[in-house]
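This report walks through one protein model, from single residues to whole-chain packing. Keep the sequence and the coordinates open while reading.

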Amino acid sequence: MSGRRGRNAGRRAAGALLAGLLLASGCAAPDDGAAPGSTARGIRATLDRRAAAVLDHDTDAFLATTDPGATGLRTAQRRELANLADIPLSSWTYRLHGVTGRGTDRATADVELRYRIKDYDAAPVSAGRVLDLRRDRTDDRWYVVGERAGGDGVRQLWQQGDVRVVPGSHSLVLGVGRTEQELRAIARTADRAVPAVSRAWPERWAGRVVVLVPRTVDDMAELLGSAADYRGIAAVTTGQTGGAGRTPADRVIVNPQAYGTLGGFGQRIVLTHETTHVATRTRTSAATPTWLSEGFADWAAYRSEDRAPARIAPELADAVRRGDLPAGLPADDDFGFEGDPARLARAYEGGWAACELIADHWGEKELFAFYRAVGGHPGRDGAVEQAMHEVLDTTPQDFTALWREYLGSELG
């Protein structure tokens, strides 16, 4: 998960990763590690009926899988189904990971919800759920009596309120508690970001983005399943890094408070930065240092902008002018949400400067090749060293020295 931090008319950023897995069909998976026997089969059948009811927009059929006595749950689920009614779903599935029995008629199921949005998701978004169930002996069926977030703690946007859907030419914006005018403005900015990213990133990608706009920053944290303070973060991108094969769908999540403090330029930079993470997801892996993934996203966002380096990297420029030149490239820890905002800004700006240096000194093709080579390495150890040797014909030591010279000449 990458993020962009807003401050005055500018922007700042921070990042982390959120997981997701793949599934192709429309019901519970047939063999997924749950306990064998009639209990697991019965629960899977209930999950199948729930999944079909969601795709059919059949509220009565969905509630028919919920215990009639669970009136509070039934009310909440009726509301949730109404909230997501306008979202164009192409799939909705449940995968049963495990069952814990409490006698023969009570069970708790560890379930993974996976869904896709039509024309936008080549692979599903996933979220863990825990369901408490009761078996009715009269019809030998299992009924849901309780449902809560799984270990990831993630809530979905439709659990926060009625979802307003605004389509763009390259984007789909989903919002809760936001006006249609606000969401349309975000869609227009995202529609500019997508082609800008396509011009900056040479590989084919989906060429479209889904943007979520929750009501508050606390709601944003719920969507991310995190207690981190996102108050100064204008937007983040969720998704699992790839490197090989398909990766789950990304979502750009906007913090309406921080994003709203930015001017048009800042908002465009934020969404272009986040969209870059969507485009480069399959080439980003655990081997990719944060300075490279975030620096490249900033480089792509500023690539077509006529902006002086000192205006792109104001905190780092101030440090250089004070004689406080960084000794080395930013470490992953420098990108944490908690801590000194100026240090965080310098980290992102330092990553941008490193990518700008590669593009300027070696060329954009070499920057792309370097990014791919680092992300394609089997692990973090040696990834940057090998890519610098093979692609840039340099060493980390020599590159760092050149980077420090570049900071002094461009920002001093």
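Is D140 buried, partly exposed or exposed? D140 is partly exposed, with a relative accessible area of 48%. The model is a predicted one.

**Positive phi values**

D140 sits in the loop between β5 and β6. Its phi is near 55°, a positive value in a residue other than glycine. Most residues other than glycine have a negative phi. D119 also departs from glycine-only expectations: its phi is positive, about 70°, although D119 is not a glycine. D119 is found in the loop between β4 and β5. At 58% relative accessibility, D119 counts as exposed, because the cut-off for exposed is over 50%. H57, just after α1, takes a positive phi of about 55°.

**Whole chain**

The protein chain holds 14 helices and eleven strands. Of its 412 residues, 54% count as buried. Take the contacts between residues at least 6 apart in sequence: 66% of them join residues at least 24 apart.

**Two helices checked for length**

Do the numbers for α1 and α4 fit a rise of 1.5 Å a residue? The table sets out what each helix should span and what its end C-alpha atoms give.

| Helix | Residues | Number of residues | Expected span | End C-alpha separation |
|---|---|---|---|---|
| α1 | 38-55 | 18 residues | 26 Å | 26 Å |
| α4 | 180-200 | 21 residues | 30 Å | 30 Å |

For α1, the expected span and the end-to-end separation agree. For α4, they agree as well.

The buried residues of α1 are A40, G42, I43, R44, T46, L47, R50, A51, A53 and V54. Their cover includes α2 (59-63), α3, β3 (89-101), β4 (106-117), β5 (125-136) and β6 (141-149). In α4, the buried residues include L183, I186, A187, A190, V194 and V197. T189 and D191 of α4 are buried too.

**Around α3 and β6**

Q77 lies in helix α3 (residues 71-83). At 3% relative accessibility, Q77 counts as buried. Leaving out residues up to four places away in sequence, Q77 touches R50, F62, L63, T66 and E147. R50 is one of the buried residues of α1.

V145 belongs to strand β6. V145 is partly exposed, with a relative accessible area of 24%. The C-alpha atoms of V145 and T65 are 9.3 Å apart, with the two positions 80 residues apart along the chain. Beyond four places in sequence, V145 touches D67, A70, L73, R106, D132, L133 and R134.

**Nonpolar cores**

In soluble globular proteins, nonpolar side chains tend to be buried together. Here the largest nonpolar core has 66 residues. Those with the most contacts inside it are V173, V211, L271, F296, W299 and F370. Helix α11 (residues 341-361) gives the largest share of this core, ten residues. A second, separate core has 49 residues, among them F62, L84, V111 and Y120.

What does V211 touch, not counting residues up to four places away in sequence? Its partners are L172, V173, L174, I186, A190, V252 and V254. Of these, I186 and A190 are buried residues of α4.

F370 also has V384 as a partner. V384 is placed in helix α13 (residues 383-392). Its relative accessible area is 14%, so V384 is buried. Beyond four places in sequence, V384 touches P289, W291, F370 and V374. V384 and P396 are twelve residues apart in sequence and 7.6 Å apart in space, C-alpha to C-alpha.

**α11 against α14**

Two packed helices are described by the angle between their axes and the distance between the axes. The axes of α11 and helix α14 (residues 396-411) come within 10 Å and cross at roughly 100°. The two helices are therefore roughly perpendicular to each other. On the α11 side, the contact is made by G350, A353, A354, E356, L357, I358, D360 and H361. On the α14 side, F399, L402, W403, Y406 and L407 take part. By class, this contact has nine nonpolar, two polar and two charged residues.

Note on methods:
Residues are numbered from 1 along each chain as its sequence is written. Side-chain values use heavy atoms; hydrogens and water are left out. Helices (H or I, at least four residues) and strands (E, at least two) are DSSP runs, numbered from the N terminus. The expected span of a helix is 1.5 Å times one less than its number of residues. Buried means under 20% relative accessible area, exposed over 50%, partly exposed in between (1.4 Å probe, protein chains only). A nonpolar core is a set of buried Ala, Val, Leu, Ile, Met, Phe, Trp, Tyr and Cys residues joined through side-chain atoms within 4.5 Å. Contact means heavy atoms within 4.5 Å. Axes are lines fitted to C-alpha atoms, for helices over the stretch in contact, and angles run from 0 to 180 degrees between N-to-C directions. Angles under 35 degrees count as roughly parallel, over 145 as roughly antiparallel, 65 to 115 as roughly perpendicular and the rest as oblique. Ala, Val, Leu, Ile, Met, Phe, Trp, Tyr, Cys and Pro count as nonpolar, Asp, Glu, Lys and Arg as charged, and the others, Gly among them, as polar.
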